[in-house]
Amino acid sequence: QVQLVESGGGLVQAGGSLRLSCAASGRTSSTYAMGWFRQAPGKEREFVAAMAWSGGSTYYGDSVKGRFTISRDNAKNMVYLQMNSLKPEDTAVYCCAAGTIALSARPRDYPYWGQGTQVTVSS
């Protein structure tokens with residue numbers, strides 16, 4: 001099993017920045033890909049970003065491209081999401097996820113999920 005724990009969420013004004021962290025533990029060798037998803041009240045879960053533990057390829061949802069950056073620290077089993085130029089529309093619970101299909105935007109490709117961290121962007 002793989003355990004994922006997010007942190008770093010909070011309240012920020014529009015235009016500000018936050019960095020989310022995802023700590024992975026357990027059987028991490030069985031996963032090759034990490035992703036970030038978000039879900040706002042009354043909305044469907046939305047793909048944010050994805051990358052593999054090895055290699056430098058990344059993939060972003062259209063709504064965050066150019067503003068968010070996914071990164072990793074393999075030695076620490078940590079994945080990060082740097083969020084810049086935040087907008088009120090970015091308000092959501094952000095979850096990290098782990099799977100075996102690199103750069104996937106589909107939640108079904110990620111069998112392991114964290115509990116999420118709340119990000120609130122005020123106007």
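# A guided tour of an all-strand chain

Within the chain, residues 24 or more positions apart account for 56% of the contacts that have a separation of 6 or more. Please keep in mind during the whole tour that the model on your screen is a predicted one.

**Stop 1: the whole chain**

Begin with the full chain in a cartoon view, where you will find eleven strands and zero helices. Followed from the N terminus on, the elements read β-β-β-β-β-β-β-β-β-β-β. The chain is as compact as a globular protein of its length, because its radius of gyration of 13 Å is close to the 14 Å that the globule rule gives for 123 residues. If you turn the model along its principal axes, the C-alpha atoms fill a box of roughly 40 × 25 × 25 Å.

Now switch to a surface view, in which the chain exposes about 6,200 Å², with carbon and sulfur atoms supplying 48% of that area. Of the 123 residues, 44% count as buried. Colouring by charge will bring out 12 positive and 8 negative side chains, and the centres of these two sets lie 4 Å apart.

**Stop 2: the cysteines**

Next, select C22 and C96 and show their side chains as sticks. These two residues form a disulfide in which the sulfur atoms are 2.0 Å apart, and the structure holds one such link. The pair ties together distant parts of the chain, since C22 sits in strand β3 (residues 18–26) and C96 in strand β9, 74 residues apart. Looking along the bond between the sulfurs, you can check the handedness of the link between C22 and C96, which is right-handed with 60 degrees about the S-S bond.

Are the two partners buried or exposed? C22 is buried at 0% relative accessibility, and C96 is likewise buried, with a relative accessible area of 0%.

Add C95 to the selection before you leave. Why does C95 form no bond with the closest cysteine sulfur? The sulfur of C95 lies 7.5 Å from that closest sulfur, which belongs to C96, and this is too far for a bond, because a disulfide needs the two sulfur atoms within 2.5 Å. C95 also counts as buried, at 11% relative accessibility.

**Stop 3: S21 in strand β3**

Return to strand β3 and select S21, which lies in that strand. S21 counts as buried, with 10% relative accessibility. Which residues does S21 touch, once those up to four places away in sequence are not counted? Showing its surroundings as sticks, you will find that S21 touches V5, E6 and S7, then W36, and also M78, V79 and Y80.

**Stop 4: Y32 and the loop after β3**

Move along to Y32, which is found in the loop between β3 and β4 (33–39). This residue counts as exposed, at 52% relative accessibility, a value that falls just into that class because exposed means over 50%. Leaving aside its neighbours within four places in sequence, Y32 is in contact with A52 and W53, and with G99 and T100 as well. For a distance to try in the viewer, draw a line from Y32 to S17: the two are 15 residues apart in sequence, and 28 Å apart in space from C-alpha to C-alpha.

**Stop 5: the loop between β9 and β10**

Now select R106, which lies in the loop between β9 and β10. R106 is partly exposed, with a relative accessible area of 46%. A second line, drawn from R106 to G35, joins residues that are 71 residues apart in sequence and 9.6 Å apart in space, again from C-alpha to C-alpha.

While you are here, select L103, found in the loop between β9 (92–99) and β10 (112–113). What is the phi of L103? L103 has a positive phi of about 60 degrees although it is not a glycine. At 30% relative accessibility, L103 counts as partly exposed.

**Stop 6: N77**

For the last selection, go to N77, in the loop between β7 (68–73) and β8 (78–83). N77 is not a glycine, and yet its phi is positive, at about 55 degrees. With a relative accessible area of 25%, N77 is partly exposed.

How values were computed: Residues numbered from 1 in each chain as written. Predicted model: local features only at pLDDT ≥ 70, side-chain atom pairs only at ≥ 80, totals over all residues. Heavy atoms only, no water. Helix = DSSP H or I, 4+ residues; strand = E, 2+ residues; numbered from the N terminus. Buried < 20%, exposed > 50% of the residue type's maximum accessible area, 1.4 Å probe, protein only. Rg over C-alpha atoms; globule rule 2.2 N^0.38 Å. Contact = heavy atoms within 4.5 Å. Areas by Shrake-Rupley, 256 points an atom, 1.4 Å probe, with all protein chains shown as cover. Lys, Arg positive; Asp, Glu negative; His and termini not counted. Charge placed at Lys NZ, Arg CZ, Asp CG, Glu CD.
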